[in-house]
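Me: Hi! Could you walk me through this structure, starting with the empty spaces and then the helix packing?

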Amino acid sequence: MRNFLIVIAVLALIAIAANAQAPSPPPAPQVTVICAGALIDGKSNTPRRNQVIVIRGERIESVAEGGGANLPAGANVIDLSRATVLPGMIDAHTHIFLQGEDPAEGGYDIQLLKYGLAFRAARATVSARRALEQGFTTIRDVETEGAGYGDIGIKQAIERGYIPGPRIFASTRAISTTGGYPLEDYAPEIEVPKGAQLIDGPVEARKAAREQLDHGADWIKVYMTHRSWVGKNGELVSQPTLTVEELKAIVDETHGWGKKVACHAYGGIGLHRALDGGCDSIEHGLDLDDAAIAQMLKQGTWFCPTLSVYYGHWAPENTPAGQRDRKRVEVHNVSFKKAMKAGVKMVFGTDVGGFSWNEPIAQEFGRMVEQGMSPMQAIQTATARAGELLDMSGQLGVIAPGAYADIIAVAGDPLADINQLKQVRFVMKNGSTYKNELK
Ligand SMILES: [Zn+2]
């Protein structure tokens, strides 16, 4: 009898153990339903009223006219029926490793000279969170300014859920030439860190692209112009950096990896070299002449203007730097309007980090509208158009079946007041709600 009981007990233990190890079926993905009072889907030119968005797991399953009749059973319902719902916004030009330091307080140089990488990475996590809480669920971060491959680390930490932040398309160190990037103006005897990887010649150029791609760069960022000043005839002049041959080596290598090249270029020789070298997006493009616009149209080159950042920190008016600062804004506005009229592909970018992450990123929309873009068009540059730039058409920047559930909401109507986008009240990324002040 005693033996029998022991056998029973052992069998029971085995059964418990086996049960504990039995593979349980994966849990059904969470179903969430958003009831949207007004929906701007990122692509359509008119908003739709009373829409029901069904989200399964991290993707949008359906979008339909709502009456509440066919809500899936057991769904988590989010009522945004008094709000305007939009796709999560995309800023295609950010720097999470810059903090908008005032030039008067040491500016850019201080970042590289005084702060260790751990400190800079800690601040970058705050920048990433700031992007997300402002409704930017995706960013193309265009280089770390001397912080090496730090952007890849931040991206990994976000993807694995250690810290909140947007999806990051990272471009790591960026590439320029000797004499083509700070830190500079130090005694030649002193070796100072540089804010980009400096190369000379097509061989070094290709090698730098290979290294950066090997370490995880999603995009390659190249500086095709550097210093700028007002020339003899009152024009904005900017110093060219890479040659066409150097850029072609980078573009050829990067395209071979299925990735794209973003070129910082203000105007003139450097901008034309950027286009002749086959870059995929012109960053800033302050001074686009007619030939540049024609070539961008022909090659399908993207234009990522960054209007707001040039309004900050102007040097005194009667100094060369002060004149340069004012000239930059003046020509940028003209180029913006010309490119828009010509139908150049335009995408939303701010250079945030160049200004403080505590300022609203969405201030850029107001500047775009001031320059004649319609509010809907401006919104599309930060949604469906940006998704296209990132080769994520239909997946990012739209509220449509199959897209990632990156969804935001504002209380008012951003088509009537574009500055509503400075006050995003609801943020969902990948189907998870990060913030909801509209309950
Ligand atoms: Zn930038």
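Me: How many cavities of 30 Å³ or more does the structure hold?
Reply: The structure holds one cavity of that size, 30 Å³ or more. This is a predicted model, where local features need pLDDT of at least 70, side-chain atom pairs count only at pLDDT 80 or more, and totals for chains, interfaces and linings use all residues. Residues are numbered from 1 along each chain as its sequence is written, and side-chain values use heavy atoms, with hydrogens and water left out.

Me: What is the volume of the largest cavity, and what counts as a cavity or a pocket?
Reply: The largest cavity comes to about 40 Å³. On a 1 Å grid over the protein atoms alone, a cavity is a set of points where a 1.4 Å probe fits but cannot get out, while a pocket is an open set with protein on both sides within 12 Å along at least five of seven lines. Lining residues have an atom within 4 Å of a point. Grid points are joined across faces, edges and corners, and a volume is the space filled by probe spheres set on the points.

Me: Which residues line the largest cavity?
Reply: Among them are Pro87, Ile90, Thr137, Leu396, Tyr404 and Asp406. By class, the lining has five nonpolar, five polar and one charged residues. Here Ala, Val, Leu, Ile, Met, Phe, Trp, Tyr, Cys and Pro count as nonpolar, Asp, Glu, Lys and Arg as charged, and the others, Gly among them, as polar.

Me: Now pockets. What is the volume of the largest pocket?
Reply: The largest pocket has about 1400 Å³. It is lined by 46 residues, and Pro103, Tyr108, Tyr266, Arg324 and Arg328 are the closest to its centre. Elements giving two or more residues to this lining include helix H2 (107-114), strand E13 (260-267) and helix H9 (320-342); helices (H or I, at least four residues) and strands (E, at least two) are DSSP runs, numbered from the N terminus. The lining of the largest pocket splits into 14 nonpolar, 19 polar and 13 charged residues.

Me: And which residues are closest to the centre of the second largest pocket?
Reply: That pocket, the second largest, has a volume of about 400 Å³. Of its 18 lining residues, Ile158, Glu159, Arg167, Lys429 and Asn430 are the closest to the centre. Its lining has ten nonpolar, four polar and four charged residues.

Me: Switching to helices: at what angle do H7 and H8 cross?
Reply: Helix H7 (residues 268-276) and helix H8 (residues 290-299) cross at roughly 15°, and their axes come within 10 Å. Axes are lines fitted to C-alpha atoms, for helices over the stretch in contact, and angles run from 0 to 180 degrees between N-to-C directions. H7 and H8 are therefore roughly parallel to each other; angles under 35 degrees count as roughly parallel, over 145 as roughly antiparallel, 65 to 115 as roughly perpendicular and the rest as oblique.

Me: What about H8 and H9, at what angle do they pack?
Reply: H8 and H9 pack at about 40°, with axes 11 Å apart. That makes H8 oblique to H9. Asp290, Ile293 and Leu297 in H8 meet Lys338, Ala339 and Ala342 in H9, where contact means heavy atoms within 4.5 Å.

Me: Last thing, the backbone. Which peptide bond is cis?
Reply: The bond from Pro182 to Leu183 is cis, with omega near 10°. Leu183 is found in the loop between strand E8 (175-177) and strand E9 (197-199).
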